[in-house]
Amino acid sequence: MLFLAELAINGGLVGLMYALVATGIVLIYKSSGVVNLAQGAFVMAGGYFAWLFVGRWQLPVPVGVLLAGGAMGLLGWITERFALRRMIGQPLIMILMLTLALEVVLRGTFPPVFGVDTKPIGSAAVQAPIWWGDILINRTYLVGGVTAVAVVVLLSLFFRSRPGIAMRAVSDDHLAAWAVGIPVERVVAFSWAASGSVAAVTGLLWGSVQGVDWSLSLLLIKALAVAVLGGLDSLAGVVLAGLFVGIAENVVSGYLDPVVGGGTKTVVTAAVIFFTILFRPYGLFGREVIERI
Amino acid sequence: MFYRECGVRHTNYVSDRAIASIPFERWLLGVLLAAAVLAPLYISDLFLVSYLTPWLLWSAAALGLNLLMGLAGQIHLGYAAIMAVGAYASIHMARAGVPFGLAVVGGGLLAAVIGSLFGLPAMRVRGLYLAMSTLALQFIVDWTLVQVPAISGGAQATLVAPRPSILGLSLVSDEARYYVALALAVATGLFLVNVRRTDLGRTLVALREKDYAAAVIGINVFYYKSLAFAVSSFIGGVSGSLLAFMYYRAVTPEQFGLNVSIMMVAMVIIGGLGSVIGSFFGAGFVLLAPIILERLLRAGAAALSLSIPHSALAHIPLIIYGGLIVLFLLGEPLGLAKVYDNMRNYLRIWPFGYTRK
């Protein structure tokens, strides 16, 4: 019972950190209708930038986060402006392939430029776990989970401001947004930049969990599971789905891994994606797309 | 002057509907086929084994995926898992004593069955969600192959393929392997060129355009989508098993991971969706371009006396591979088939290009 609670709590916190990666995917999908399969690579890139500013140059964390967020925002903006904008109107598979290829390019460029060895962020001494009664809670996960919730709350508040309402309008209907004078191209570019900045924060958090190297880009599949389950265009769904995916993954693998021999985490993630799409394709809170002849 | 179409008259429907109606193209096809059959005589063994054989095998696999993605319009990000099923099944069958040919076909059939399962989400969703569900299934199949010792032969084991032979003829030599690969590629190519002229092909095209409209005019969407997945997976399973027998000569789980699935989609898209010759071009491009460009880069760096650190050198093929795909998608989204088409259209009316505006 205690084991289950420990698995569930830590899993939930990790799930919130997955939800942070998924937030980037949701931001981009909401405004431009593209699933950014390079989001994992964005997180990796953000992690490398965060390591550079916070770890290598020893800048204070808020300054480092701002700089990394700015750098990644620039990367996101450049990606949208020069790669995605030319693919407007092309079949979906081309756009998906473009993001996949971008992921490969980022995964190939960042490690050699920054150094292929795994970079630590933060010192190992601060990693003492927190005890809640008899349950062990990973301190880094706790910080990560709280930050994830804070970022989602900040984004929800942003969506109530004037630029946020413009973004919501663009995510609803491009043509109608143009008709009322909203600069759709700029809003889409901004959403890509915002997603990049969120990826920078995520990269910092995940980098402090497992060190910054190419394997951060593997977070994509977890983020996809969270985004699909929650609804590709729902920010509230991302949090709930993140909790669910994190808890399910940790609990199932905690009990099944000794029996089966390992690797059940990926299966749980894949099963979540598969069964969600089979039974409720638009996720828990996603908006249903109705096609007409 | 080259593709002379004047004087080509058809007097019956058969010749009118022929695939290559221009005599020059028929001649070209014949020369190409003869060159391919006589290849072991004038191409070095190394080139045959390392470049031609895998190129033909991957082209056959790309053709199978092109049937599904180009003709039927279903996105499939888990094709390598299907190939893995075919490879593992046929190798297990061959090790159990089943003759080589039957083992390969059996692998293909099992791959077809499992491939139809991949197509189950296609009944409910299309496009993006279908891509993600096939991605999820790729992970599940990957995990099953690794974790179930009966399939993988123990943790991280490599299953060696038994020596293949057909009707007593041993297929172990390099030339024999090349001919098997050539036979597969030609057979799949012929199938794909003809399928669009059949009932099945037209149905798949209708499904690709708008599947609910196809349902309205009476096409059984469930049956035909499953059929598309099954046929494409059969081709994938057969190519996977022949890859395992003829090229890799062993099978490990890493050979058919997610990155291979993405490479296959890249081959199909760079080649051109729905184009047979595009699949050959795309497979060759994705296989060879990173190698050639990396060699050029190294030679260039050596010529300029620049020393690139080893860690960077290992990543250069990855950057080239991704970069080429990005450049292709941005520059020529219709793929190498369109480039070929442009060249062919130019040559068709050469030197009277000024007549066309």
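Two residues are in contact if their C-beta atoms, placed from the backbone, lie within 7 Å. The legends below describe a predicted model.

**Figure 1. Surroundings of A:Ala189 in helix α8 of chain A.** A:Ala189 lies in α8, which covers residues 184-210 of chain A. Leaving aside residues up to four places away in sequence, A:Ala189 touches A:Trp77, A:Glu80 and A:Arg81. A:Arg85 is 104 residues from A:Ala189 along the chain, yet their C-alpha atoms are separated by 9.1 Å. Within 10 Å of A:Ala189 there are 21 other C-beta atoms. A residue is buried if that number is 20 or more, so A:Ala189 is buried.

**Figure 2. Helix α9 of chain A, residues 219-230.** At 1.5 Å a residue, the 12 residues of this helix should span 16 Å, and the 17 Å between its end C-alpha atoms agrees with that. Of the 12 residues of α9(A), 12 are buried, so the helix is largely enclosed by the rest of the structure. The buried residues include A:Leu219 at the start of the list, A:Lys222, and A:Gly230. After α9(A) comes A:Gly231, which has a positive phi, near 110°.

**Figure 3. Packing partners of α9(A).** Within chain A, the buried residues of α9(A) pack against α1 (2-32), α2 (39-56), α8, α10 (235-260) and α11 (264-279). They also pack against α7 of chain B. Among the residues of α9(A) that are buried are A:Ala223, A:Leu224, A:Val226 and A:Leu229.

**Figure 4. The contact between chain A and chain B.** Each chain contributes to this contact: 39 residues come from chain B and 39 residues from chain A. On the chain B side, α7 (128-147), α11 (211-216), α13 (258-271) and α15 (310-331) each supply at least two residues. By class, that side of chain B has 30 nonpolar, seven polar and two charged residues. The model scores ipTM 0.88 and pTM 0.91.

**Figure 5. Chain B as context for the close-up views.** Chain B has 16 helices and four strands. Its radius of gyration is 22 Å, close to the 21 Å given by the globule rule for 357 residues, so chain B is as compact as a globular protein of that length. The C-alpha trace of chain B spans about 65 × 65 × 45 Å along its principal axes. Of the 357 residues in chain B, 41% count as buried. Among contacts in chain B with a separation of 6 or more, 75% join residues 24 or more positions apart. The average pLDDT of chain B is 89, and 99% of the residues score at least 70.

Methods. Residues are numbered from 1 along each chain as its sequence is written. Chains are lettered from A and ligands numbered from 1 in the order in which they are written. This is a predicted model: local features need pLDDT of at least 70, side-chain atom pairs count only at pLDDT 80 or more; totals for chains, interfaces and linings use all residues. Ala, Val, Leu, Ile, Met, Phe, Trp, Tyr, Cys and Pro count as nonpolar, Asp, Glu, Lys and Arg as charged, and the others, Gly among them, as polar. The expected span of a helix is 1.5 Å times one less than its number of residues. pLDDT is the predictor's confidence in each residue, from 0 to 100. The radius of gyration is taken over C-alpha atoms; the globule rule is 2.2 Å times the number of residues to the power 0.38.
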